[in-house]
Amino acid sequence: MKFIVTGLCLNFSSLGASAVTLDEYMNLVLKKNQLLNSYEISIEASKEKQTAGDLSLSPTLTAGYSIATDKSEPIIVADKRTTTLSNIGLAKKFSSGTTVSLTADTSKNDYELPVTAGNTGFSRAGLGINLQQSLWKDFFGVGIRLRQDREVILNKFETYGFELQRRRTLIEAESDFWDYIVAQEDLKLKTANLERAKKLDSWTANRVYNGISDKSDLLQVRALTSLRELEFATVQDELKTREIKIKLNINLAESENMPELSANLKDTRTYIADMVQKKNIVKIESYLNLLDAELKQKLAEEVTDSQRPDLTLIGRYNTSSYNIDYAEAQKNISKTDRPITFAGLSFSWMFGSDAKSSQVSAAKKDALAAKYKAEQAQIASENAWKEHLRKYELTNKNVLTLEKIAQLQRDRAAAEREKFSKGRTITSNVVNAETDSAEADVNYLKAKSGLRKLEAATQLFISVVD
């Protein structure tokens, strides 16, 4: 499973006065965020580990050369014997459990006088083919195939695990973007609210001075102005906090300039629209539970197979060339007139014990527990997708309602200010209208931001094709 990241190559020196859109920002995150890069590398490493699991099936070349001199004790053949051995071989184990090896070996024996009958040595040479086949444990490669199946599932499990972390990081980065946009918009609102409060303060102060309003009205308005100043300072700090997170997401140092971000909170992301067209939608976490169950089931089968008795069929065939002359023995190495053949069976069995039975039992119980966990997670996952859609639809409706409320409250606050300027309402009505309008605007902003975040959270779901 390979995830391809397509990024827009942007650098801040070339952005100039143009604002960075959400798509451009997310491409910067994909390109510059080192945490995301680490997940990509981990996914590649997992795939390579799966391939590396077949290392035991790789062909093996062996070669050897040795000289041995023996004068330990005089014998009838010679007082000193020198033996020169050389060999080369190639062995390969197949997924069928069959091991085949090809060998070529020569030996040269030199005798130092005195020797009997003038014999000064002899040489041997031979070609061989050896075959081993498991007939019980790892029956015709069943153990190898179980391992291969387990490693495929393990690679899938690790890949989806890293992909889940990757998507969570992207969702968090996108949420940070919307939080920053909301903070920007909130700052504009708080600035406008503060300016209106100051104007109301100045206007009420003139009315008190002229004896038209009471001092209590001025105190109430100044309390509102102080509240607006506090809200303005708070949202400034919030914007700074969001700026730090944005810089962290795109790997910018604190001292580097923050790019200008721009987005329309009404722009709908297509995550949900794309997903609802698919079938068998599950949460990635739930799918990981399913893969974990499959993984432990394969592991239990491997453990069970490893505890079986081992019955191995062994067969060998070697040519044999014998001559006093070393060169002549080598020349006739492939002749089959004097072959050596061998066929046999090898049996081994580990006696039953508590340790042996417990190992198998523990593996099976782990697999069963993982299966139950996966089944429960599957039910929860189906409900989670339905709940995600329900919550999204509800939030979407709430956004429309809050938009109307915010507009009504703005109109109400404007009307109260107009009435107050004509002396047709009291100060508290104006203050309450201003407060309600400010709260309605903030609630509307947060609801729109929450809707965008819900859309991004759809990335935690995937469509699984059996």
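These are legends for a set of views of one predicted model, starting with the whole chain and then going in on single spots.

**View 1. The whole chain, stretched out.** Ten helices and nine strands make up the secondary structure here. The radius of gyration is 41 Å, well over the 23 Å that the globule rule gives for 466 residues, so the chain is more spread out than a compact globule. Along the principal axes, the C-alpha atoms fill a box of roughly 145 × 50 × 40 Å. As for contacts between residues at least 6 apart in sequence, 77% of them link residues at least 24 apart.

**View 2. The surface and the charges.** Buried residues account for 38% of the 466 in the chain. The accessible surface adds up to about 26,700 Å², and carbon and sulfur atoms hold 55% of that. On the charge side there are 65 positive and 63 negative charges, and their mean positions sit 2 Å apart.

**View 3. The largest nonpolar core.** This core has 27 residues, and the ones touching the most other members are Tyr25, Val29, Phe177, Ile246, Ile250 and Leu261. Two or more residues each come from helix 2 (22-32), helix 3 (34-52), helix 4 (142-209) and helix 5 (215-249). Helix 4 is the top contributor, with nine residues.

**View 4. Ile246 and what it touches.** Here we zoom in on one of the best-connected core members, Ile246. Setting aside neighbours within four places in sequence, Ile246 is in contact with Tyr25, Asp176, Phe177, Tyr180, Met258 and Leu261. Of these partners, Tyr25, Phe177 and Leu261 are also on the list of core residues that touch the most other members.

**View 5. Asn249, tucked away in helix 5.** Asn249 belongs to helix 5. With a relative accessible area of 9%, under the 20% cut-off, Asn249 counts as buried. Beyond its neighbours within four places in sequence, Asn249 contacts Tyr25, Val29, Asn33, Ala173 and Asp176. Tyr25 and Asp176 turn up among the contacts of Ile246 as well. For a sense of scale, look across to Pro309: that residue is 60 places along the chain from Asn249, and their C-alpha atoms are separated by 56 Å.

**View 6. Asn251, in the loop after helix 5.** Asn251 lies in the loop between helix 5 and helix 6 (271-275). The backbone is worth a look here, as phi of Asn251 is near 60 degrees, a positive value in a residue other than glycine. Asn251 is partly exposed, at 47% relative accessibility.

**View 7. Asn280, another asparagine with positive phi.** This residue is in the loop that runs between helix 6 and strand 5 (281-283). Phi of Asn280 is near 50 degrees, which is positive, and the residue is not a glycine. Its relative accessible area is 37%, so Asn280 goes down as partly exposed.

**View 8. Ser18 and Leu261, brought together from distant parts of the sequence.** Ser18 sits in the loop between helix 1 (12-15) and helix 2. It has 42% relative accessibility and counts as partly exposed. Although 243 residues separate Ser18 from Leu261 in sequence, the two are 9.0 Å apart in space, C-alpha to C-alpha. Leu261 is the residue we met in the core view, among those touching the most other members.

**View 9. Gly53, a buried loop glycine.** Gly53 is in the loop between helix 3 and strand 1 (60-70). Despite the loop setting, Gly53 is buried, with a relative accessibility of 17%. Not counting residues up to four places away in sequence, Gly53 touches Arg147 and Glu151. Ser346 is 293 residues from Gly53 along the chain, and the C-alpha atoms of the two are separated by 27 Å.

**View 10. Lys80 at the start of strand 2.** Lys80 is part of strand 2, which covers residues 80-93. At 23% relative accessibility, Lys80 counts as partly exposed. Leaving out residues up to four places away in sequence, Lys80 touches Thr69, Asp70, Lys71, Asp110, Tyr111 and Glu112. Take Asp70 from that list: Lys80 and Asp70 are ten residues apart in sequence and 5.7 Å apart in space, C-alpha to C-alpha.

Conventions
Residues numbered from 1 in each chain as written. Predicted model: local features only at pLDDT ≥ 70, side-chain atom pairs only at ≥ 80, totals over all residues. Heavy atoms only, no water. Helix = DSSP H or I, 4+ residues; strand = E, 2+ residues; numbered from the N terminus. Rg over C-alpha atoms; globule rule 2.2 N^0.38 Å. Buried < 20%, exposed > 50% of the residue type's maximum accessible area, 1.4 Å probe, protein only. Contact = heavy atoms within 4.5 Å. Areas by Shrake-Rupley, 256 points an atom, 1.4 Å probe, with all protein chains shown as cover. Lys, Arg positive; Asp, Glu negative; His and termini not counted. Charge placed at Lys NZ, Arg CZ, Asp CG, Glu CD. Core = buried A, V, L, I, M, F, W, Y, C linked by side-chain atoms within 4.5 Å.
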